[in-house]
Amino acid sequence: MAKLLAAVLAVVLAALAAGTATGMLSAEIDDGMPLIHMLRPLLHSSGHLGRLGGVPCDSWRFAVETDTLRDWETVPARCEKYVGNYMLGGQYRSDSQAVVDEAVAYAEGLKLSGDGKEVWVFDVDETTLSNLPYYAEHGFGSEPYNSTAFGAYTKLANAPALPETQRLYKRLQELGIKPVILTGRREDKRESTAKNLADVGYTGYEKLLLKPQDARVTAVEFKSGERKKLVDAGYVIVGNIGDQWTDLLGEPEGDRTFKLPDPMYYVG
Ligand SMILES: [Mg+2]
């Protein structure tokens, strides 16, 4: 009992310390909303600022990640710091880890044919590669998308890998499932994309599929069309992972889809 009390006290003290550090006042805890859990105010995940002028930022992110909020152009200005904290703090990595843990468990449970035809589709941006170095300099998605600036960044070919995706990639290769990389980046980015992928350890993939330079199709049309070609060529898409719903929607989707977090931008 004494241990339990000590543990509860430690949690409360840590939460109070965190609240002080972030400028949280006790008055802010009571915002008139009925509490459904005593720890709710201590989590303090969206922040008082996040409530100014709209829904709290964690609720905004929930709507984004569930494909409820669509066709949004930028992160709301009031949520820039929230998204920055989410991306650079532990939560983004923890959420990515939860997705990849499930993907690995699923893959390890598959009964493979052994004919080498099973593939797993990977997206590039915010999936195999992380563009956080770019977005950290551009308001974490609160600034309008700038294709010139982002294009110049991708040409540098120095984006880091998202470590969680890399773990999945390597494990699939051990299991005998071949990665296929399918990106909305256009053909003029093939060389820099291939270099970037290779430099951070993504090697041995079956295909690297980019959008034709002059294609005027939506992301879903392009990506589902490429997956259809894979299936028609005899491949079995056992899994499909991406950070955008447009990576995952559209027949054939793959036997299972895995959605990584990305509250920084929306690709329609
Ligand atoms: Mg992506």
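**Exercise 1. Work out how helix α6 packs against helix α9, and what kinds of residues meet there.**

*Solution.* Start with the geometry. In this predicted model, α6 covers residues 90-108 and α9 covers residues 163-175. (Helices are DSSP runs of H or I with at least four residues, strands are runs of E with at least two, and both are numbered from the N terminus.) The angle between the two helices is about 10 degrees, and their axes lie 9 Å apart. That makes α6 roughly parallel to α9. For the terms: axes are lines fitted to C-alpha atoms, for helices over the stretch in contact, and angles run from 0 to 180 degrees between N-to-C directions. Angles under 35 degrees count as roughly parallel, over 145 as roughly antiparallel, 65 to 115 as roughly perpendicular and the rest as oblique.

Next, list who meets whom. From α6 come R93, S96, Q97, V100, A103, V104, A107 and E108, and from α9 come E164, T165, R167, L168, R171, L172 and L175. (Contact means C-beta atoms, placed from the backbone, within 7 Å.) Sorted by type, the residues of this contact give seven nonpolar, three polar and five charged. Here Ala, Val, Leu, Ile, Met, Phe, Trp, Tyr, Cys and Pro are nonpolar, Asp, Glu, Lys and Arg are charged, and the others, Gly among them, are polar.

A quick note on bookkeeping: residues are numbered from 1 along each chain as its sequence is written. Since the model is predicted, local features need pLDDT of at least 70 and side-chain atom pairs count only at pLDDT 80 or more, while totals for chains, interfaces and linings use all residues.

**Exercise 2. Lay out the sheet and find its edge strands.**

*Solution.* First, count the parts: the protein chain has 12 helices and five strands. The five strands form an open sheet with parallel pairing, in the order β3-β2-β1-β4-β5. (Two strands pair if DSSP finds at least two bridges between them.) β3 and β5 each have a single partner strand, so they stand at the edges and one side of each is left without a neighbour in the sheet. From one strand to the next, the twist averages 20 degrees.

Now go through the pairs. β1 and β4 (residues 236-242) run parallel and share five bridges, with V119 opposite I237. β1 and β2 are also parallel, joined by four bridges, and here V119 has K178 as its bridge partner. β2 and β3 (residues 207-211) are parallel with four bridges too; V180 sits opposite K207, and L182 is partnered with L209.

Last, trace the connection: β2, helix α10 (residues 190-199) and β3 make a right-handed β-α-β unit. (Right-handed means that, with the strands pointing away from you, the path from the first strand over the helix to the second runs clockwise.)

**Exercise 3. Decide how enclosed β1, α8 and I177 are.**

*Solution.* You'll need the cut-offs. A residue is buried if 20 or more other C-beta atoms lie within 10 Å of its own, exposed if 12 or fewer, and partly exposed in between, with C-beta atoms placed from the backbone.

Take β1: five of its five residues are buried, so the strand is largely enclosed by the rest of the structure. E118, W120 and F122 point one way, and V119 and V121 the other way. Helix α8 (residues 147-156) is hardly covered, with one buried residue among its 10.

I177 sits in the loop between α9 and β2. It counts as buried because it has 23 C-beta neighbours inside 10 Å. Leaving out residues up to four places away in sequence, I177 touches A107, E118, V119, W120, L172 and V238.

**Exercise 4. Track down the unusual backbone spots, including D67, E126 and P252.**

*Solution.* Begin with positive phi. D67, in the loop between α4 and α5, has phi near 60 degrees despite not being a glycine. With 14 C-beta neighbours inside 10 Å, D67 counts as partly exposed. E126 lies in the loop between β1 and α7 and has a positive phi of about 60 degrees. Its 26 C-beta neighbours inside 10 Å make E126 buried. A157, following α8, has a positive phi near 55 degrees.

Then check omega: the peptide bond from E251 to P252 is cis, at near -10 degrees. P252 is in the loop between α12 and β5.

Technical notes: Two residues are in contact if their C-beta atoms, placed from the backbone, lie within 7 Å.
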